[in-house]
Amino acid sequence: MNNAVQVKRTIESVKEFPGLGQKIKEAREKDERTLTQICRQCGLSRSYWYQLEAEDLRSAATEDVIRKIETVLGVDLGVSFEVENAH
């Protein structure tokens, strides 16, 4: 029997998305639900949501948070970590 310990490497990548807070705010304002309902579905606090919209976070938002917001609001916020090809 060949047992081994598997080790996973996680690469952290931080990228800035100017205007993302405004996109989140606009998507929220188009939605009929209250902020409380949206936050509950995203698993976020209202204060954190307002920090996101104001682009005033103490640390980077995780990609998971952005994907949850996109799913709950049914929008694509344009957040991608893919390398863009220059033509």
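## Surface of the chain

Accessible areas are worked out by the Shrake-Rupley method with a 1.4 Å probe. In this predicted model, the accessible surface of the protein chain comes to about 7200 Å², and 47% of that surface belongs to carbon and sulfur atoms. Turning from the outside to the inside, buried residues make up 25% of the 87 residues in the chain.

## Overall fold and extent

The secondary structure of the protein chain consists of four helices and zero strands, so that, read along the sequence, the chain follows the pattern α-α-α-α. The radius of gyration is 17 Å, which is well over the 12 Å that the globule rule gives for 87 residues, and the chain is therefore more spread out than a compact globule.

The C-alpha atoms fill a box of roughly 60 × 40 × 25 Å when the box is taken along the principal axes. If one considers the contacts between residues at least 6 apart in sequence, 58% of them join residues at least 24 apart.

## Helix α4 and its surroundings

The helix α4, which spans residues 63–73, has as its buried residues Val65, Ile66, Ile69, Glu70, Val72 and Leu73. What covers these buried residues includes α1, α2 (35–42) and α3 (46–54). After α4 comes glycine 74, whose phi is positive, near 65 degrees.

## Aspartate 31

Is aspartate 31 buried or exposed? This residue is found in the loop between α1 and α2, and because its relative accessibility is 18%, while buried means under 20%, aspartate 31 counts as buried. Leaving aside its neighbours within four places in sequence, aspartate 31 is in contact with Ile38 and Leu73, and Leu73 is also one of the buried residues of α4.

## The largest pocket

The largest pocket in the model has a volume of about 600 Å³. It is lined by 22 residues, of which the closest to the pocket centre are Val14, Lys15, Phe17, Ala60 and Ala61. By class, the lining has eleven nonpolar, four polar and seven charged residues.

Two helices that have already been mentioned return here, since α1 (20–30) and α4 (63–73) each supply at least two residues of this lining. Helix α4 thus appears in two parts of this account, with residues in the lining of the largest pocket and with buried residues whose cover includes α1, α2 and α3.

Note on methods:
Residues are numbered from 1 along each chain as its sequence is written. This is a predicted model: local features need pLDDT of at least 70, side-chain atom pairs count only at pLDDT 80 or more; totals for chains, interfaces and linings use all residues. Side-chain values use heavy atoms; hydrogens and water are left out. On a 1 Å grid over the protein atoms alone, a cavity is a set of points where a 1.4 Å probe fits but cannot get out, and a pocket is an open set with protein on both sides within 12 Å along at least five of seven lines; lining residues have an atom within 4 Å of a point. Grid points are joined across faces, edges and corners, and a volume is the space filled by probe spheres set on the points. Ala, Val, Leu, Ile, Met, Phe, Trp, Tyr, Cys and Pro count as nonpolar, Asp, Glu, Lys and Arg as charged, and the others, Gly among them, as polar. The radius of gyration is taken over C-alpha atoms; the globule rule is 2.2 Å times the number of residues to the power 0.38. Buried means under 20% relative accessible area, exposed over 50%, partly exposed in between (1.4 Å probe, protein chains only). Contact means heavy atoms within 4.5 Å.
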